[in-house]
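Open the model in your viewer and keep the selection tool at hand. The stops below say what to select next and what is there.

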Amino acid sequence: MLIARESAPKAVGTPGQRLRAALAAHQPLPIVGTMNPYCALLAERAGHQAIYLAGGGMATYSHGLPDLALTTMTEVLQEVRRITDACDLPLMVDVDTGFGGMLNIARLVKGLIKDGAAALHIEDQVTLKRCGHRPNKAIVGTGEMVDRVKSCVDARTDDAFLIVARTDSLANEGLQAALDRACAYVEAGADMVFAEACASLDQYRAFVDAIGRPHAVLANITEFSMTPAFTLQELRGAGVAAALFPLSANRAMAEAARKVYETILRDGSVKAMLPDMQTRAQLYEVLNYHAYERKYDALQAADVRDGLRGGTEPE
């Protein structure tokens, strides 16, 4: 970061260490989706302790594409760097199925750690994956997913970097098969299990009981989905360690944008929307804009002084 944010304390430890500390301190830990670096700054300012880059969110809001594995490893790493350059909150990254075979997965893990991510989650769908809350998902065999997890474990250069194994098998194979997969993934080295598309708190409890390890189950609280909008308190009662809110801000921002565009055509003005907009002053505060300006002013003043000392008049 060019200029340190006045309100942000200096980050201590690796991103993975900071995420593990946050998981230990908050039960469950909310992990909020941030579609871009500015959203990451807003999440940090609100007091969140961890953020998330959703694969579906990146596809939709950065590329105008559906969540069907249409983005690449390069695009994901580029997005990671943009966010981690702007914000020190530990970032969990959705890497879909790993963008290729075992060597690709290893390269991905090394890149994520190098670029400042704290964790990834990788899933057991086939390469041509679908949104976890859509029908007709196809799942790889347990052995293939175990190999994906082992590739992540073997490739990480920071032992604190979290490897989260997502299973989409609940909708396809039923609860017991999903529990068996979760246990196999943990045995292969996964730090946590992402239980996708759970429809009840009892299903989360079953994952917690089957794994038998604290801070090990991640819930996905994504709106308009197969999973109800459980509260953090309800998830705490089920033993869930962390809860993703992957696209909540994205959906709210998209709806706000739609209203603005329609208001301009209808009214010929944005006046009706002004109360719902972030002000210029609020924007500048989040960006620490005035600190950058002060730096510009100081540099310009120095140029003027140097010019005068050299016997030349400033133009």
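Select D267 and R266: in this predicted model their side chains form a salt bridge, with N and O 2.9 Å apart. R266 is exposed, at 57% relative accessibility, while D267 is partly exposed, at 41%. Elsewhere, salt bridges with shared partners tie D67, D96, E123, K129, K137, R166, D168 and E196 into one network. Select those eight residues together to display the network.

Stay with salt bridges and go to helix α11, which covers residues 248–267. Select E262 and R258 in this helix; they are four residues apart, or about one turn of the helix. Their closest N and O atoms are 2.8 Å apart, and the pair forms a salt bridge. Both ends are partly exposed: E262 has a relative accessibility of 42%, and R258 has a relative accessible area of 34%.

Next, select R181 and D124. Is this pair buried or exposed? R181 has a relative accessibility of 5% and D124 one of 0%, so both fall under the 20% cut-off and count as buried. Their side chains meet in a salt bridge, with 3.5 Å from N to O. Colour the chain by secondary structure to see what the pair links: R181 belongs to helix α8 (residues 175–187), and D124 to the loop between β4 (119–123) and α6 (142–155). The two residues are 57 apart in sequence, and the bridge links distant parts of the chain. The salt bridges in the model number 20.

Now turn to the nonpolar interior. Select I51, V93, L112, L120, Y204, F207 and L235. These are the members of the largest nonpolar core that touch the most other members, and that core has 64 residues. Centre the view on L120 and show what surrounds this residue. Which residues is L120 in contact with, leaving aside neighbours within four places in sequence? The contacts are V93, V95, V109, L112, C152, F161, L162, I163 and V164. Two of these, V93 and L112, also appear in the selection you have just made. For a second, separate core, select L19, L29, M92 and A118, which are among its 20 residues.

Move on to helix α9 (residues 201–211) and select Q203. The relative accessible area of Q203 is 18%, under the 20% cut-off, so this residue counts as buried. Apart from residues up to four places away in sequence, Q203 touches L170 and C198.

Finally, clear the selection and view the whole protein chain. The C-alpha trace spans about 80 × 50 × 35 Å along its principal axes. The chain contains 13 helices and eight strands. Of its 315 residues, 46% count as buried. Among contacts between residues at least 6 apart in sequence, 73% join residues at least 24 apart.

Switch to a surface display for the last stop. The accessible surface is about 15700 Å², and carbon and sulfur atoms account for 55% of that area. Colour the charged residues by sign: there are 32 positive and 38 negative charges, and the mean positions of the two sets are 1 Å apart.

Conventions. Residues are numbered from 1 along each chain as its sequence is written. This is a predicted model: local features need pLDDT of at least 70, side-chain atom pairs count only at pLDDT 80 or more; totals for chains, interfaces and linings use all residues. Side-chain values use heavy atoms; hydrogens and water are left out. Buried means under 20% relative accessible area, exposed over 50%, partly exposed in between (1.4 Å probe, protein chains only). Contact means heavy atoms within 4.5 Å. Accessible areas come from the Shrake-Rupley method with a 1.4 Å probe; for residues, only the protein chains shown count as cover. Lys and Arg count as positive and Asp and Glu as negative; His and the chain ends are not counted. The place of a charge is taken as NZ of Lys, CZ of Arg, CG of Asp or CD of Glu. A nonpolar core is a set of buried Ala, Val, Leu, Ile, Met, Phe, Trp, Tyr and Cys residues joined through side-chain atoms within 4.5 Å. A salt bridge is a side-chain nitrogen of Lys or Arg within 4 Å of a carboxyl oxygen of Asp or Glu.
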